[in-house]
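Subject: Handover of a structure, with notes

Dear colleague,

With this message I am handing a structure over to you, and I would ask you to keep it open while you read the notes that follow.

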Amino acid sequence: MICFGPVPSRRLGKSLGVNNIIAPKTCSYSCVYCQVGPTMKESIKRDIHFKPDVILDNVKHHISLLNKNNYPDYITLVSNGEPTLDIHLGETISLLKLTGFPVAVITNASLLTDDSVREHLSLADWVSLKIDAANKDVWKTINRPHKNLDFDRYIESILLFAHNFKGSLHTESMIIQGINDTDEHIPLLAGTVKKINPNIAYLSVPVRPPCETWVKPPDTKRLNIVWQTFTQNNITTELLTGFEGSDTGFTGNIYEDILNITAVHPLREDSMRSLLEKDNAEFQVVESLLKQKLIKSTTYKGKKYFIREYHIKS
Ligand code: SF4
């Protein structure tokens, strides 16, 4: 299947997914948390996959079947593996843009060392770069990169791309308990993301069954610390903890407001109380959400925060 959706995406609104990589799963990484299973073909060699005009025809046909009010906000290259392994990625992006919809690419960024990959990706309107690690050891542990990839070159090439990219740039970091959420690593990761200077840095947690069963999401307190450290580095940071509700902010429905806001960032107790006041609601609403395990409370530097509780989906 080349084309699917649109599916709701917190980052992209309605996202029409395009898989430009021919099965089996082909990737330059074999991430311990990968939710699409083990990498069947590990590669850093760009290759021919679907022809760009075949992808365009497929997407056009798919869109022609959609109700107008279900048109996508983005066409998103999100592959069965790593989309930049497609040697025709640039041509595909250019053709997809002819549909009039903006094009997004979600990439693990490991091939940005290749000039042609940076050139192709620069044609996209919106790009998300994976950055889970700020040093070689953590990178090798989490992403298990192809043996010919080099950490320093990878970071240099991300910074080079980020510096020159004219579209909307985002990062995504998967936070894994005990691996990249440690006191030593969090500030390093925040420092690297700060240098990339994304519009928004997304923090995600493994909420679907990961490739390796030992992989666990961080506890709420840890995730809050990561978010606080990023934010203190003046990085606009949002959580992606598996809830793709599209509304955030004040809606007048206190339950929705709390769930939407805490899914994106931790809510400090004083902000929670002023939100309750705006909605003419009592603190019992918070107690009820805590009891239903929809949110959790945690303390950071003496202040209480509320954060959306996440559950592993099977
Ligand atoms: S980069 Fe993406 S597709 Fe590749 S192994 Fe990691 S999570 Fe899976």
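**The smaller sheet and its hairpin**

Leu267 has Phe306, a residue of β13, as its bridge partner. Before going further, please note that this is a predicted model, in which local features need pLDDT of at least 70 and side-chain atom pairs count only at pLDDT 80 or more, while totals for chains, interfaces and linings use all residues. Residues are numbered from 1 along each chain as its sequence is written, and side-chain values use heavy atoms, with hydrogens and water left out.

The strands named here are DSSP runs of E with at least two residues, and the helices are runs of H or I with at least four, both numbered from the N terminus; two strands are said to pair if DSSP finds at least two bridges between them. In these terms, β11 and β13 pair in the antiparallel sense over two bridges, and they belong to an open sheet of three strands, ordered β11-β13-β12, whose pairing is antiparallel. Its edge strands, each pairing on one side only, are β11 (267–268) and β12.

Strand β12 (residues 295–300) is joined by six bridges to strand β13 (residues 303–308), and the two run antiparallel. Among the facing residues, Ile295 has Arg308 of β13 as its bridge partner, and Thr299 stands opposite Lys304, also in β13. The hairpin that these strands form has two residues between them, and Lys301 there takes a positive phi near 50°.

**The sheet of eight strands**

There is also an open sheet of eight strands, which follow the order β1-β2-β5-β6-β7-β8-β9-β10 with mixed pairing. Here the edge strands are β1 and β10 (237–240), each of which pairs on one side only. On average, and with direction ignored, neighbouring strands of this sheet are turned by 25° against each other, the axes behind that angle being lines fitted to C-alpha atoms (for helices, over the stretch in contact), with angles running from 0 to 180 degrees between N-to-C directions.

At one edge, β1 and β2 run antiparallel and are joined by five bridges, with Val7 standing opposite Ser15 in β2, and a hairpin of three residues connects the two strands. Strand β1 also contains Pro6, and the peptide bond leading to Pro6 from Gly5 is cis, with omega near 5°. On its other side, β2 pairs with strand β5 (residues 74–77) in the parallel sense over four bridges, and Gly17 stands opposite Thr76 of β5.

**The pocket and the ligand**

The largest pocket has a volume of about 1300 Å³. Of its 47 lining residues, Arg11, Gln35, Val78, Ile106 and Glu172 are the closest to its centre. A pocket here is an open set of points on a 1 Å grid over the protein atoms alone, with protein on both sides within 12 Å along at least five of seven lines, and its lining residues have an atom within 4 Å of a point; the volume is the space filled by probe spheres set on the points, which are joined across faces, edges and corners.

Strands β1 (3–9), β2 (13–18), β6 (103–107), β7 (126–130) and β8 (168–174) each supply at least two residues of this lining, and the largest share, four residues, comes from β1.

The ligand sits in the largest pocket, in the sense that more than half of its atoms lie within 2 Å of the grid points. Around the ligand are Lys25, Cys27, Tyr29, Ser30, Cys31, Tyr33, Cys34, Thr39, Gly81, Asn108 and Lys130, a residue being counted if one of its heavy atoms lies within 4 Å.

**One further backbone detail**

Arg144, a residue other than glycine, has a positive phi near 45°, and Arg144 lies in the loop between α4 (136–143) and α5 (151–164).

With kind regards

Key:
On a 1 Å grid over the protein atoms alone, a cavity is a set of points where a 1.4 Å probe fits but cannot get out, and a pocket is an open set with protein on both sides within 12 Å along at least five of seven lines; lining residues have an atom within 4 Å of a point.
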